[in-house]
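This briefing walks through one protein structure for a reader at the bench, grouped by topic. Please keep the sequence and the model open while reading.

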Amino acid sequence: MASWFNAMAKSIGPKLVIVLGLSGAAWGAMQMLDRPTAPDAEPIAAQAASPAAEAADPPSTTSAQPVERRSDQPMEIDPRALTVKRVLAIDGPFRHGDYVWDEKGAPATGPVIITIDLKAETLSVFRDGYEIGAAVILYGATDKPSPLGAFPITQKDADHVSNLYDAPMPYAQRLTSDGVFIHGSDVEYGRGTHGCIGVPTEFAKKLFGVTKIGDVAVITNGKMLNVGKAKVGA
């Protein structure tokens with residue numbers, strides 16, 4: 001039994017050994033991420049909707065024509081859409097620039113949900129409840145933080161260039177009307193973004209290939225999905 005719990009701990013909700021200090025604090029030697037659940041993490045499904053979310057649309061995971069939302073206007077999402085059936089078996093820590101992608105054993109079709117944990121600095125992608133990819137991310141620096149909440153993908157552009165910073169944003173997927181995207185980036189320790197979620201470019205390409213307009217990204221800061229009934233690996 002103990003070995004089973006150890007396997008689960010390595011495979012669910014990647015967590016920081018330390019909280020990454022983008023401000024340049026003296027944590028330079030500790031740059032690795034691992035996969036155990038943080039003690040204070042709470043299942044996303046157990047959280048009450050924020051006031052902004054309560055005023056938003058009825059629970060939904062996808063929409064043919066999703067409503068564009070600002071960073072302070074997250075949508076409400078049905079907790080049943082966040083049911084996890086399988087998580088990937090990932091051995092050892094994640095480092096900046098690392099990702100895994102494995103669709104074997106997962107349904108070929110089904111709703112896609114992206115979960116992003118800023119505290120763990122990781123992104124996971126689930127199809128029909130099966131985790132098919134995970135990556136270490138960059139997120140918004142202190143002066144331009146990434147938003148929290150659920151946001152639908154409203155635009156996809158494989159060759160997007162930022163009109164504010166004249167910077168390439170490959171395989172960009174827009175989450176908010178005020179310019180927050182998931183996009184390919186050089187994910188290196190100590191770097192941040194202007195609020196976007198940066199993932200390794202090869203991972204961004206794979207993610208771009210499995211999502212559609214209306215798929216939802218859920219951004220939290222330490223709140224984890226309930227994986228108590230999920231199996232590990234194929």
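**Ser146 and its surroundings**

With a relative accessible area of 8%, Ser146 is buried in this predicted model, since the cut-off for that class is a relative accessible area under 20%. The loop that holds Ser146 runs between strand E8 (130-136) and strand E9 (149-152). The points below add the contacts of this residue, and then turn to the whole protein, its largest pocket and several other residues.

- The side chain of Ser146 reaches two backbone atoms, namely the nitrogen of Gly140 at 2.9 Å and the oxygen of Gly195, also at 2.9 Å.
- When neighbours within four places in sequence are left aside, Ser146 is in contact with Leu118, Tyr139, Gly140, Gly195, Cys196 and Ile197.
- Ser146 and His194 are 48 residues apart along the chain, yet their C-alpha atoms are separated by 7.7 Å.

**The protein as a whole**

- The protein has three helices and 15 strands, and buried residues make up 46% of its 234 residues.
- Of the contacts between residues at least 6 apart in sequence, 67% join residues that are at least 24 apart.
- The protein exposes about 11300 Å², and carbon and sulfur atoms supply 53% of that area.

**The largest pocket**

- The largest pocket holds about 660 Å³ of space, and of the 30 residues that line this pocket, the closest to its centre are Tyr165, Met169, His183, His194 and Cys196.
- Strand E11 (168-174) and strand E12 (181-185) each supply at least two residues of the lining of the largest pocket.
- By residue class, the lining of the largest pocket divides into 11 nonpolar, 14 polar and five charged residues.
- Two of the residues closest to the pocket centre, His194 and Cys196, also appear in the account of Ser146, where His194 is the partner in the C-alpha separation of 7.7 Å and Cys196 is one of the contacts.

**Ser162, in the loop before strand E11**

- Ser162 lies in the loop between strand E10 (155-161) and E11, and at 10% relative accessibility this serine counts as buried.
- A polar atom of the Ser162 side chain lies 3.2 Å from the backbone nitrogen of Leu164.
- Apart from neighbours within four places in sequence, Ser162 is in contact with Ala167 and Met169, and Met169 is among the residues closest to the centre of the largest pocket.
- The C-alpha atoms of Ser162 and Gly179 are 8.9 Å apart in space, while the two residues are 17 apart in sequence.

**Buried residues within strands**

- Pro200 has its place in strand E13 (residues 197-200), where it is buried with a relative accessible area of 7%.
- Leaving aside neighbours within four places in sequence, the contacts of Pro200 are Gly97, Asp98, Tyr99, Ala135, Val136, Ser185 and Val187.
- From C-alpha to C-alpha, Pro200 and His183 are 8.2 Å apart in space and 17 residues apart in sequence, and His183 is another of the residues closest to the centre of the largest pocket.
- Thr115 belongs to strand E6 and counts as buried at 10% relative accessibility.
- Not counting residues up to four places away in sequence, Thr115 touches Thr122, Leu123, Ser124, Phe126, Val218 and Leu225.

**A buried arginine in a loop**

- Arg69 is found in the loop between helix H2 (51-54) and strand E3 (86-87), and at 7% relative accessibility this arginine counts as buried.
- The side chain of Arg69 has a polar atom that lies 3.5 Å from the backbone oxygen of Gln73.

**Positive phi angles**

- Most residues other than glycine have a negative phi.
- Glu121 has a positive phi, near 55 degrees, and has its place in the loop between strand E6 (112-117) and strand E7 (122-127), where it is buried with a relative accessible area of 1%.
- Asp128 also has a positive phi, near 50 degrees, and has its place in the loop between E7 and E8.
- At 28% relative accessibility, Asp128 counts as partly exposed, because that class covers values between the buried limit of under 20% and the exposed limit of over 50%.

Methods: Residues are numbered from 1 along each chain as its sequence is written. This is a predicted model: local features need pLDDT of at least 70, side-chain atom pairs count only at pLDDT 80 or more; totals for chains, interfaces and linings use all residues. Side-chain values use heavy atoms; hydrogens and water are left out. On a 1 Å grid over the protein atoms alone, a cavity is a set of points where a 1.4 Å probe fits but cannot get out, and a pocket is an open set with protein on both sides within 12 Å along at least five of seven lines; lining residues have an atom within 4 Å of a point. Grid points are joined across faces, edges and corners, and a volume is the space filled by probe spheres set on the points. Helices (H or I, at least four residues) and strands (E, at least two) are DSSP runs, numbered from the N terminus. Ala, Val, Leu, Ile, Met, Phe, Trp, Tyr, Cys and Pro count as nonpolar, Asp, Glu, Lys and Arg as charged, and the others, Gly among them, as polar. Buried means under 20% relative accessible area, exposed over 50%, partly exposed in between (1.4 Å probe, protein chains only). Contact means heavy atoms within 4.5 Å. Accessible areas come from the Shrake-Rupley method with a 1.4 Å probe; for residues, only the protein chains shown count as cover. A polar contact is a pair of N or O atoms within 3.5 Å; within protein, one must be able to donate a hydrogen and the other to accept it, and residues adjacent in sequence count only if both atoms are side-chain atoms.
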